[in-house]
Amino acid sequence: MIRELRGVVSTVDLSGVVVDVSGWGVYVQLASTEHLTAGTELSLKTYLSVKQDGVDLYGFLTEEDRSFFELLITVPSVGPKTALSIMRRGPRKALESAIASRDIDYLTRVAGLGKRAADKLAVLLSEKLGGREEGHNEGDADVFDTLVALGYTDREARGALASIPKSAVGKDARLKAALSSASR
């Protein structure tokens, strides 16, 4: 199994990168490619998925991200593509915290999961993530809704939430920080 990959980024697209590893162009699917550019050195923690219809390689910048991904795929009906999609919707710490605290409101509104999927994740994984309740703020679902009402897309609103500093406490302060950091 391929657990780590190191090389030079050849190309970047919305869902992954091609990494040149000693002359081999390896396509790796990522949760986010925002900060990656062609020609830069890249080291990834990876997960290799082997199925009947092919082989997929998923990459993560940190061991914690890979561990969270592997935890997500233990949930019945959550495969690697669904798990990566979930990870694209919010910061890992915020998602872990919302699952650990069984914050269905956050998972459905901010992370964009259906109620049934959010319930399933919360029930099956909350105990495994029990000590990780510091990553999201209870009022973030309201801040998210306010940003969307102001015309932000779901993706822009999620990005704005992710960029709120930890020092911003309270719904109004978090909304102000999200508005000031959001680049539209």
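**View 1. Strands β1 and β4 side by side in the predicted model.** Strand β1, covering residues 4-12, and strand β4, covering residues 41-51, run antiparallel and are joined by five bridges. To find your way in this predicted model, look for Arg6, which sits opposite Ser43 of β4. As a reminder, strands in a sheet pair through hydrogen bonds of the backbone, in either a parallel or an antiparallel way.

**View 2. The β4-β5 hairpin.** Follow β4 onward and you get to strand β5, residues 54-60, by way of a hairpin. Two residues make the link between β4 and β5. The two strands pair antiparallel, with seven bridges between them. One pair to pick out is Leu48 with its bridge partner in β5, Leu57.

**View 3. A parallel pair, β3 with β5.** Here strand β3, residues 24-30, runs parallel to β5, and two bridges hold the pairing. Gln29 is the residue to look for, standing opposite Tyr58 of β5.

**View 4. The closed barrel.** How are the five strands ordered in the barrel? Going round, the order is β1-β2-β3-β5-β4, and the pairing is mixed. On average, neighbouring strands of this sheet are turned by 55° against each other, if you ignore direction. Helix α1, residues 63-72, packs on the sheet and touches β4 and β5. The direction of α1 makes about 15° with that of β4. Helix α2, residues 80-88, also packs on the sheet, touching β3, β4 and β5. For α2, the angle to the direction of β5 is about 25°.

**View 5. Helix α3 and what surrounds it.** Is helix α3 largely enclosed or largely open to the outside? Eight of its nine residues are buried, so α3 is largely enclosed by the rest of the structure. The buried ones are Arg92, Ala94, Leu95, Glu96, Ser97, Ala98, Ile99 and Ala100. Among the elements that cover them are α1, α2, α4 (104-109) and α5 (115-125). Just after α3 comes Arg102, with a positive phi of about 55°.

**View 6. Arg92 in its pocket of contacts.** Zoom in on Arg92, which belongs to helix α3, residues 92-100. Why does Arg92 count as buried? Its relative accessible area is 18%, and buried means under 20%, so Arg92 makes the cut. Which residues does Arg92 touch, leaving aside neighbours within four places in sequence? The contacts are Glu64, Asp65 and Phe68.

**View 7. Ser22 and its positive phi.** Most residues other than glycine have a negative phi. Ser22 is not a glycine, yet its phi is positive, at about 50°. You'll find Ser22 in the loop between β2 (16-21) and β3. Is Ser22 buried or exposed? Exposed means over 50% relative accessible area, and Ser22 has 74%, so it counts as exposed.

**View 8. Ser77, in the loop between two helices.** Ser77 lies in the loop between α1 and α2. Its phi is near 75°, a positive value in a residue other than glycine. With a relative accessibility of 65%, Ser77 counts as exposed.

Note on methods
Residues are numbered from 1 along each chain as its sequence is written. This is a predicted model: local features need pLDDT of at least 70, side-chain atom pairs count only at pLDDT 80 or more; totals for chains, interfaces and linings use all residues. Side-chain values use heavy atoms; hydrogens and water are left out. Two strands pair if DSSP finds at least two bridges between them. Helices (H or I, at least four residues) and strands (E, at least two) are DSSP runs, numbered from the N terminus. Axes are lines fitted to C-alpha atoms, for helices over the stretch in contact, and angles run from 0 to 180 degrees between N-to-C directions. Contact means heavy atoms within 4.5 Å. Buried means under 20% relative accessible area, exposed over 50%, partly exposed in between (1.4 Å probe, protein chains only).
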